[in-house]
Amino acid sequence: MARCLIAVAAASAAVLLAVCDLDAVIAHLLALSAIFSSSPDALPLLNQQDLSRYDGEVGSQGLYLSVLGQVFDVSKGRRHYGPGGAYHFFAGRDASRAFVTGDFTEGGLMDDLSGLSPSQVVALYDWLSFYQRDYRPVGRLIGRYYSDTGKPTEALRQVEAALARGLELKAEAEADSKRFPSCNSEWSAAGGRVWCSEKSGGVQRPWAGVPRKMFNAGSRSIRCVCVPGGNPELSASAALQEYEGCPPLAESCTVHSF
Ligand code: HEM
């Protein structure tokens with residue numbers, strides 16, 4: 001399928017650039033139109049106190065939870081969210097942050113997302129999509145993400161901007177992993193070996209390439225990638241480095257560490 005470079009203007013006016021094929025663009029647009037907060041709906045508004053009455057305990061009014069201010073009836077998941085369930089702490093509140101930090105202490109169970117990375121925000125929206133798909137939406141929570149008239153707040157706009165940035169980074173990373181597929185690797189007490197083959201990194205291609213260290217400035221990590229052999233332009237790239245002691249065109253290198 002033909003690849004394209006497109007600019008998608010999302011509902012919040014955040015601009016998402018993605019290198020993608022057309023089907024992926026359409027799927028993304030549909031998903032975004034459902035997810036972004038601006039889509040009008042007539043769901044009732046709840047405040048924190050209302051929501052806390054839906055914690056599934058004896059005498060409570062039901063079993064709800066909220067993600068990014070969107071409230072869902074999770075009664076059909078009672079075994080997870082009801083009293084005694086492994087995820088009961090999510091009931092009757094908005095603990096959006098904990099969905100991506102895994103910090104289930106009282107201090108961690110909060111809706112404030114400050115300091116989270118754009119990729120973590122993408123992961124949180126995956127949870128939101130999960131609830132939209134599997135559970136019934138029952139309201140909007142007045143507070144950090146919705147005003148007392150049900151309008152999206154500035155905080156929600158900022159999270160949506162982080163989502164757009166996170167999706168952009170994800171698209172770039174996916175494009176990168178096709179352009180520079182990962183190497184095969186094996187490790188033993190004596191050391192390690194990295195090598196390229198025509199399907200290393202899960203990318204089937206007509207060339208194997210040569211192993212190079214690739215530095216990712218964003219995550220400050222290094223991964224071994226396969227670069228088409230003898231491409232002087234790529235070999236000169238600051239982000240790519242040869243493995244010490246390995247001939248420039250060798251398809252396999254002995255290494256002591258990544
Ligand atoms: C950030 C960390 C995690 C979060 C936020 C999280 C959250 C959740 C939630 C909300 C559910 C219920 C989904 C539903 O409504 O159907 C669930 C189910 C489940 N989680 Fe986690 N989880 C986390 C980590 C883990 C880990 C590390 C494990 C395993 C070691 C695990 C194992 C499971 C299993 C097995 C289920 C399904 C249980 C069943 O269907 O009976 N989770 N998780």
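Which residue in β6 stands opposite V71? In this predicted model, the answer is G139, and the pair is a handy way into the fold. V71 sits in strand β5, which covers residues 70-73, while G139 belongs to β6, residues 136-141. The two strands run antiparallel and are joined by four bridges. On its other pairing, V71 stands opposite S66, a residue of strand β4. β4 and β5 are antiparallel as well, again with four bridges between them.

Stepping back, the protein chain holds seven helices and twelve strands. It has 258 residues, and 28% of them count as buried. Looking at contacts with a separation of 6 or more, 53% come from residues 24 or more positions apart.

The strands just met belong to an open sheet of four, laid out in the order β3-β6-β5-β4 with mixed pairing. Its edges are β3 (45-46) and β4, each of which pairs on one side only. β4 and β5 make a hairpin with two residues between them, and L68 in the turn has a positive phi of about 50 degrees. Side chains in a regular strand alternate between the two faces of the sheet. β4 shows this pattern: Y64 and S66 point one way, L65 and V67 point the other way, and all are buried.

What does β4 share with the helices? It is one of the elements that give two or more residues to the largest nonpolar core. That core has 31 residues, and those with the most contacts inside it are Y64, L65, V121, V159 and L163. Besides β4, the elements giving two or more residues are β5, α4 (96-101), α5 (118-134) and α6. The largest share, six residues, comes from α6. Nonpolar side chains tend to be buried together in soluble globular proteins. A second, separate core has 13 residues and includes C196, V210, V225 and C253. As for L65, leaving out residues up to four places away in sequence, its contacts are F72, V74, Y81, F90, A91 and R93.

Helix α6 itself runs over residues 154-179. With 26 residues at 1.5 Å each, it should span 38 Å, and its end C-alpha atoms are 37 Å apart, so the two values agree. Buried along this helix are L156, V159, E160, A162, L163, A164, G166 and L167. An α-helix has 3.6 residues a turn, so residues three or four places apart point the same way. Among the buried positions of α6 are V159 and L163, which also appear in the list of residues with the most contacts inside the largest core.

Further along the chain, another open sheet has three strands in the order β10-β9-β11, with antiparallel pairing. β10 and β11 (240-241) each have a single partner strand, so one side of each is left without a neighbour in the sheet. Strand β9 covers residues 210-216 and is joined to β11 by two bridges. Here K213 stands opposite Q241 in β11.

A loop links β10 (221-227) to α7 (232-235), and P228 lies in it. Is P228 buried or partly exposed? It has 15 C-beta neighbours inside 10 Å, so it counts as partly exposed; being buried would take 20 or more. Leaving aside neighbours within four places in sequence, P228 is in contact with W207, G209 and L234. W207 is 21 residues away in sequence, yet the C-alpha atoms of P228 and W207 are 6.9 Å apart.

There is one more run of antiparallel pairing to look at. β7 (residues 184-188) and β8 (residues 191-195) pair over five bridges and form a hairpin with two residues between them. Within this pair, W187 stands opposite G192. β8 also runs antiparallel to β12 (residues 252-255), with four bridges joining them. In that pairing, W195 has S252 as its bridge partner.

Finally, there is the ligand. Around it are G77, H80, Y87, F99 and G102. By class, this shell has two nonpolar and three polar residues, and no charged ones. One of its members, F99, falls within the range of α4 (96-101), a helix that gives two or more residues to the largest core.

Technical notes
Residues are numbered from 1 along each chain as its sequence is written. This is a predicted model: local features need pLDDT of at least 70, side-chain atom pairs count only at pLDDT 80 or more; totals for chains, interfaces and linings use all residues. The expected span of a helix is 1.5 Å times one less than its number of residues. A residue is buried if 20 or more other C-beta atoms lie within 10 Å of its own, exposed if 12 or fewer, and partly exposed in between; C-beta atoms are placed from the backbone. A residue is near a molecule or strand if its C-beta atom, placed from the backbone, lies within 6 Å of it. Ala, Val, Leu, Ile, Met, Phe, Trp, Tyr, Cys and Pro count as nonpolar, Asp, Glu, Lys and Arg as charged, and the others, Gly among them, as polar. Two residues are in contact if their C-beta atoms, placed from the backbone, lie within 7 Å. Two strands pair if DSSP finds at least two bridges between them. A nonpolar core is a set of buried Ala, Val, Leu, Ile, Met, Phe, Trp, Tyr and Cys residues joined through C-beta atoms within 7 Å.
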